[in-house]
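Subject: Structure handover

Hello,

Here is the structure I said I would pass on. Please look through it alongside the notes underneath.

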Amino acid sequence: MSYTALYRKYRPQKFEDVIGQDHITQTLINQLKSERVGHAYLFTGSRGTGKTTCAKIFARAVNCLHPQNGSPCGECDVCRALADVSNIDILEIDAASNNRVDEVREIRERVKYPPVNGKYKVYIIDEVHMLTDSAFNALLKTLEEPPPFVIFILATTEVHKLPATILSRCMRFDFRLVSSELLAQNIQKIFDAEGKAFEPDAVRYIAGAGEGSVRDSLSIADMCVSRSAGKLTLSDVLDVLGAADRGKIRALTKSVLEGNARDILLCIDELTRLGKSVSRIGKDVLGCARDLLALKTGADVLVIDTPENIEQLRALAEQADADSLTAVIRMLGAVDAELRYSVSPKIVLETACLRAGKRADAQPDALLARIAKLEKRIEELAARGVAAPSSPAAAAAPPVEESAPADDRNVWGRLITHFRKNGPMSVYSLLCNTHDAALEKGELCVCPASDAEFLQFSDPETQEQIARALHEMGANVTLRIEKRAGKPDMDNEIDRIKKMMAGGKAKVEVRR
């Protein structure tokens, strides 16, 4: 007897067996119980989440003579007839290979004939987004007003490719990715039914590798069952998935976090020589950085690994900061698509890891971390200039901002910090882009680099906001805006334009 894959052998036959889609199955059950069945449905969502399974259950349920809680009984004459491969009342059509207008016209001709066994004839059109524009146009009228005994169920993973005219004629149901916990419970139940011994960590890792897809997780579980004759271990699962040695992945991740270019190149070369795919290495490093971030933020429950590996990860997490880990995850998370179409995937991965190692020059999170460090340094320098206290009580008191020395670096840095914390961000951005500022005789002289920045500084509201910030900082200075040498006198230009437009009317002299 031929072997049946687990995802086919354990395909749900009732709505109660579908996992992770209660918001859809309960709605369909209620429609069946109240006899408010529609004529056109659209099932959309990621692969392996139950779209076609629910369509088949629904098609049998609307025709079942003795439904049980909205699901088909599987025992009545109609259920047995519909289960036969020769039945013509439930027609499943693959739009990927039958996407021309001629196939749709053939459907239009078939819908005229009533069902043979049940009450309804159900058309399940899978991957409906593959239909051509002409085929969609041919389907429109039939989809809107089919015969009373016909139901259409359209299934797709790319709903954005469907015309709005199709979407408006269907009841839409969005299938969600299934949580790792539900996937793990489903795999455990199937392993128990198959009599397969397993480690809990192995099942949890399989569920995580499924990435929310029931079918993908069961396909991985199927391979793992074949890999291990005895008890399925986490090591067996890692071997099946082609995952690299955890220690080598940690070493590569550490090199990326440290920005060590030599070690990055050597680690990647060693892993590829061991036969690990470049794509798998990238995913493993990305997963390792995510685990480090989870440990760093206290979300230990999200890390699936052996106790020994978790302890080593925890030690590495203590050496990293959350901003750096976030920057690495962002950069490596975008490299997968580039690897698919590259003629030199190894070089692409090496370049991505090297860029991630230099993330401080490119990533907003790392830049914010550097700004925070610079601000802290500025505050420390300002604190050092405070006069020595004359009593122990004064020594215990924290230095106040008013006693900080009034130099241009101190005032300008504190001014930028004030607007970064309190806003508005438009003024903060203006100050960050201005580099020519100095303190002269109680005046903070600013020389904008461009006319646009000069006009921004000249705005009365901006000047009022800066003056208020200086007052709140305790800095007894005033703001003065100077034009850069060689630039036109904007004040004179503005006055000249105002005079020309005096009274709101411009005088125009016409010479013939």
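The notes below cover a sheet, a buried helix and two helix contacts.

Please keep in mind that this is a predicted model.

The sheet

The sheet is open and has five strands, in the order E2-E3-E4-E1-E5, with parallel pairing. Strand E2 (90-94) and strand E5 (171-175) form the edges, each pairing on one side only. On average, and with direction ignored, neighbouring strands are turned by 15° against each other. Helix H5 (residues 101-110) packs on this sheet, where it touches E2, strand E3 (121-126) and strand E4 (150-156). The direction of H5 makes about 170° with that of E3.

At the E5 edge, strand E1 (residues 40-45) runs parallel to E5, and five bridges join the two. For a specific pair to look up, take Thr44, whose bridge partner in E5 is Asp174.

The buried helix

Helix H3 covers residues 51-61, and ten of its eleven residues are buried, so the helix is largely enclosed by the rest of the structure. The buried residues are Lys51, Thr52, Thr53, Cys54, Ala55, Ile57, Phe58, Ala59, Arg60 and Ala61. Lysine and arginine are thus represented in that list, through Lys51 and Arg60.

Two contacts of H14

Packed helices are described by the angle between their axes and the distance between the axes. Helix H14 (residues 278-296) takes part in both contacts described here.

With helix H18 (residues 345-357), H14 packs at an angle of about 20°, and the axes are 9 Å apart. That angle is under 35 degrees, which means that H14 is roughly parallel to H18. The crossing of H14 past H18 is left-handed. On the H14 side the contact involves Val278, Ile281 and Gly282, which meet Pro345, Lys346 and Leu349 of H18. By type, the residues of this contact are four nonpolar, one polar and one charged.

With helix H15 (residues 307-319), H14 packs at about 75°, again with axes 9 Å apart. H14 and H15 are therefore roughly perpendicular to each other. H14 contributes Cys288, Asp291, Leu292, Leu295 and Lys296 to this contact. From H15 come Ile310, Leu313, Arg314, Leu316, Ala317 and Glu318. The residues of the H14 contact with H15 divide into seven nonpolar and four charged, with no polar residue.

Regards

Terms used
Residues numbered from 1 in each chain as written. Predicted model: local features only at pLDDT ≥ 70, side-chain atom pairs only at ≥ 80, totals over all residues. Heavy atoms only, no water. Buried < 20%, exposed > 50% of the residue type's maximum accessible area, 1.4 Å probe, protein only. Helix = DSSP H or I, 4+ residues; strand = E, 2+ residues; numbered from the N terminus. Axes fitted to C-alpha atoms, helices over the stretch in contact; angles between N-to-C directions. Parallel < 35°, antiparallel > 145°, perpendicular 65-115°, else oblique. Left-handed = near helix turned anticlockwise from the far one by under 90°. Contact = heavy atoms within 4.5 Å. Nonpolar A, V, L, I, M, F, W, Y, C, P; charged D, E, K, R; others polar. Pairing = 2+ DSSP bridges.
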